[in-house]
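Reader: I'd like a close look at a single part of this one: the helix packing towards the C-terminal end. Take it slowly, and set it against the rest of the chain when that helps.

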Amino acid sequence: MAGGRPRTFDSEAALDRALEVFWRQGYEGTAISDLTKAMGINNAPSLYNAFGNKEQLFSKVLDRYADGPARYIREAFDQPTARGAVEALLHGAADATTDPDHPRGCITVQGALACSPGAQTAREELTARRAAGEAGLRARLERAVDTKELPADADPAGLARYFTTIYQGIAVQAAGGATREQLHQIVDTAMTAWPSRA
């Protein structure tokens with residue numbers, strides 16, 4: 001089976017290994033040879049046959065990230081209150097971005113912050129995913145105004161932008177070496193901005 005994938009090839013495990021490489025090295029810092037080696041694939045054509053080009057593989061990896069290490073995001077939105085959702089999101093980020101079993105930080109925050117025009121598609125995908133996260137949070141906060149959990153004069157868009165900035169900052173701080181305890185303290189401080197009802 002020269003040049004092909006071995007019969008025992010595990011695509012899920014290979015995606016996990018690709019995730020680790022992209023997470024550690026960023027989109028542009030990751031070469032196809034890094035991916036084939038980490039994923040246990042013989043050569044670039046075999047990688048393309050199995051997962052598509054680098055951009056397509058990166059998109060699959062981001063989906064894998066959302067369903068795996070970042071599943072706390074989806075779980076946070078299942079909280080019964082908006083405040084509980086925001087707290088779960090931010091405390092979840094503090095835990096996930098400092099998990100010793102994974103690279104520090106967040107692939108969607110750091111994956112393509114600085115890159116050449118050739119990596120523009122990856123940057124645009126990450127930007128779109130971050131924007132969708134902020135939009136989802138804004139919608140959750142708008143519902144909290146409707147249900148009177150938040151005061152009528154609260155600014156859901158501004159709050160969503162603020163808490164998204166804290167969320168992204170947690171990832172940057174984690175990548176820079178901040179401890180889990182320091183990040184949880186940042187979350188506690190950030191939550192003091194939660195609007196109180198009269």
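Author: A helix here is a DSSP run of H or I at least four residues long, a strand is a run of E with at least two, and the numbering starts at the N terminus. Read that way, the chain goes α-α-α-α-α-α-α-α-α-α, which amounts to 10 helices and zero strands. Keep in mind that this is a predicted model.

A bit of framing before we zoom in. The C-alpha atoms fit a box of roughly 70 × 35 × 30 Å along the principal axes. The chain has 198 residues, and 40% of them count as buried. If you take the contacts between residues at least 6 apart in sequence, 68% of those join residues at least 24 apart.

Now to your part, which I'll build around α10. Two packed helices are described by the angle between their axes and the distance between the axes, so let's start there.

One partner is α9. Its axis lies 11 Å from that of α10, and the two pack at an angle of about 165°. Anything over 145 degrees counts as roughly antiparallel, so α9 and α10 are roughly antiparallel to each other. The handedness of that crossing is right-handed. On the α9 side, the contact is made by Y162, F163, I166, I170, Q173 and A174, and α10 answers with L183, I186, V187 and A190. Sort these by class and you get nine nonpolar residues, one polar and no charged.

Two of those α9 residues deserve a second look. The ring centres of Y162 and F163 sit 4.9 Å apart with the planes at 70°, so this is an edge-to-face pair. A search of the whole structure turns up six aromatic pairs. The two rings don't share the same surroundings, though: F163 is buried, at 0% relative accessible area, while Y162 is partly exposed at 32%.

The other partner is α6. Helix α6 covers residues 82-96 and α10 covers 180-190, and they too pack at about 165°, here with the axes 9 Å apart. That makes α6 roughly antiparallel to α10, and the crossing is right-handed. From α6 you have L90, H91, A94 and D95, which meet R180, L183, H184, V187 and D188 of α10. By class, this contact has four nonpolar, two polar and three charged residues.

Put the two lists side by side: L183 and V187 of α10 appear in both the α6 contact and the α9 contact. The class make-up is where the two contacts part ways, with three charged residues towards α6 and no charged ones towards α9.

What about the stretch leading into α9? K148 is in the loop between α8 (120-146) and α9 (156-175). Its phi is near 70°, a positive value in a residue other than glycine. The cut-off for exposed is over 50% relative accessible area, so K148, at 56%, counts as exposed.

For contrast, look at a pair from the other end of the chain. Helices α1 (residues 11-25) and α2 (residues 32-39) cross at roughly 140°, and their axes come within 8 Å. At that angle, α1 and α2 are therefore oblique to each other. The crossing of α1 past α2 is right-handed. A14, R17, A18, V21, F22 and Q25 of α1 make this contact with D34, L35, A38 and M39 of α2. It comes to seven nonpolar, one polar and two charged residues. F22 also has a role in ring pairing, since it is linked with Y27 and F58 into a cluster.

Between those two helices sits G26, in the loop from α1 to α2. At 12% relative accessibility, G26 counts as buried. Setting aside neighbours within four places in sequence, it touches V21 and G111. And here's a link back to where we began: G26 and V187 are 161 residues apart in sequence, with 26 Å between their C-alpha atoms.

Conventions. Residues numbered from 1 in each chain as written. Predicted model: local features only at pLDDT ≥ 70, side-chain atom pairs only at ≥ 80, totals over all residues. Heavy atoms only, no water. Axes fitted to C-alpha atoms, helices over the stretch in contact; angles between N-to-C directions. Parallel < 35°, antiparallel > 145°, perpendicular 65-115°, else oblique. Left-handed = near helix turned anticlockwise from the far one by under 90°. Contact = heavy atoms within 4.5 Å. Nonpolar A, V, L, I, M, F, W, Y, C, P; charged D, E, K, R; others polar. Phe/Tyr/Trp six-rings, centres within 6.5 Å; stacked < 30°, edge-to-face > 60°. Buried < 20%, exposed > 50% of the residue type's maximum accessible area, 1.4 Å probe, protein only.
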